[in-house]
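Subject: Structure handover

Hello,

Here is the structure you were to take over. My notes on it follow below.

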Amino acid sequence: QVQLVESGGGLVQAGGSLRLSCAASGIIFSRYTMAWYRQAPGKQRELAARITSGGSSNYADSVKGRFTISRDNAKNTVYLQMNSLKPEDTAVYYCNADNPTFTYLTYWGQGTQVTVSS
């Protein structure tokens, strides 16, 4: 069974930092594109950051320069380092895994809450 388990969410003051982790099991992790999505209350889920199997990353304009996505294939884990947090970053953050060759192979974590207070 495929499992993506997020951790590291919580309450933080504006301007602070937080690091999210997503541990994957049941997939050949190194082959997958990994991503962090987020969903604020009443809003659509949006892509925050993505990293390919080759290590190339891309970010939403709203987080670029503040967030950094990275992966450790030996640990089957993807991270999201979030700096200079703003209240508008408040959302549930979801870990996502996509197989770039077999596009029907896509998986989601349960989500972790990030709340940024002003």
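Which residues of strand β7 make up its covered face, and which its uncovered one? The model is predicted, and in it the covered face of β7 (residues 67-72) consists of F67, I69 and R71. T68, S70 and D72 are on the uncovered face. In a regular strand, side chains point alternately to one face of the sheet and the other.

Sheet and hairpin

The partner of β7 is strand β8 (residues 77-82), and the two pair in the antiparallel sense over six bridges. Residue by residue, I69 has L80 as its bridge partner in β8, and S70 stands opposite Y79. Four residues lie between the strands of this hairpin, where N76 takes a positive phi near 50 degrees.

Both strands belong to an open sheet of four strands, in the order β1-β3-β8-β7 and with antiparallel pairing. β1 (3-7) and β7 are the edge strands, each pairing on one side only. From one strand to the next, the twist averages 15 degrees.

Nonpolar core

The largest nonpolar core has 28 residues. Those that touch the most other members are M34, W36, V78, L80, M82 and Y93. Two or more residues each come from β3 (18-25), β4, β5 (46-51), β7, β8, β9 and β11 (112-117).

For V78, I also have the contacts beyond four places in sequence. They include L20, S21 and C22, then F29, M34, W36 and I51, and also C95. On the β7 side, V78 is in contact with I69, S70 and R71.

Three residues looked at singly

T33 lies in strand β4 (residues 33-39). Its relative accessibility is 12%, so T33 counts as buried, the limit being under 20%. Not counting residues up to four places away in sequence, T33 touches R50, I51, T52 and S53, as well as R71, N96, A97, D98 and P100.

S30 is in the loop between β3 and β4. Is S30 buried or partly exposed? It counts as partly exposed because its relative accessibility is 36%. With the same exclusion of residues up to four places away, S30 touches S53, R71 and N73. Between S30 and Y104, 74 residues apart in sequence, the C-alpha to C-alpha distance is 17 Å.

V92 is found in strand β9 (residues 91-98). At 21% relative accessibility V92 counts as partly exposed, because buried means under 20%. Outside its neighbours within four places in sequence, V92 is in contact with Y37, R38 and Q39, and with G111, T112 and Q113. R66 is 26 residues from V92 along the chain, and their C-alpha atoms are separated by 18 Å.

R71 recurs in these lists: R71 is on the covered face of β7, and R71 is among the contacts of V78, of T33 and of S30.

Rings and charges

How many aromatic pairs does the structure hold? There are three. Such a pair is described by the distance between the ring centres and the angle between the planes.

R45 also deserves an entry under this heading. The charged end of R45 sits over the ring of Y94, 3.8 Å from its centre. R45 lies over the face of W108 too, at 4.8 Å from the ring centre.

Regards

How values were computed: Residues are numbered from 1 along each chain as its sequence is written. This is a predicted model: local features need pLDDT of at least 70, side-chain atom pairs count only at pLDDT 80 or more; totals for chains, interfaces and linings use all residues. Side-chain values use heavy atoms; hydrogens and water are left out. Buried means under 20% relative accessible area, exposed over 50%, partly exposed in between (1.4 Å probe, protein chains only). Two strands pair if DSSP finds at least two bridges between them. Axes are lines fitted to C-alpha atoms, for helices over the stretch in contact, and angles run from 0 to 180 degrees between N-to-C directions. Contact means heavy atoms within 4.5 Å. Rings of Phe, Tyr and Trp (its six-membered ring) pair if their centres lie within 6.5 Å; planes under 30 degrees apart count as stacked, over 60 as edge-to-face and the rest as tilted. A charge sits over a ring if NZ of Lys or CZ of Arg is within 6 Å of the ring centre and within 35 degrees of the ring normal. A nonpolar core is a set of buried Ala, Val, Leu, Ile, Met, Phe, Trp, Tyr and Cys residues joined through side-chain atoms within 4.5 Å.
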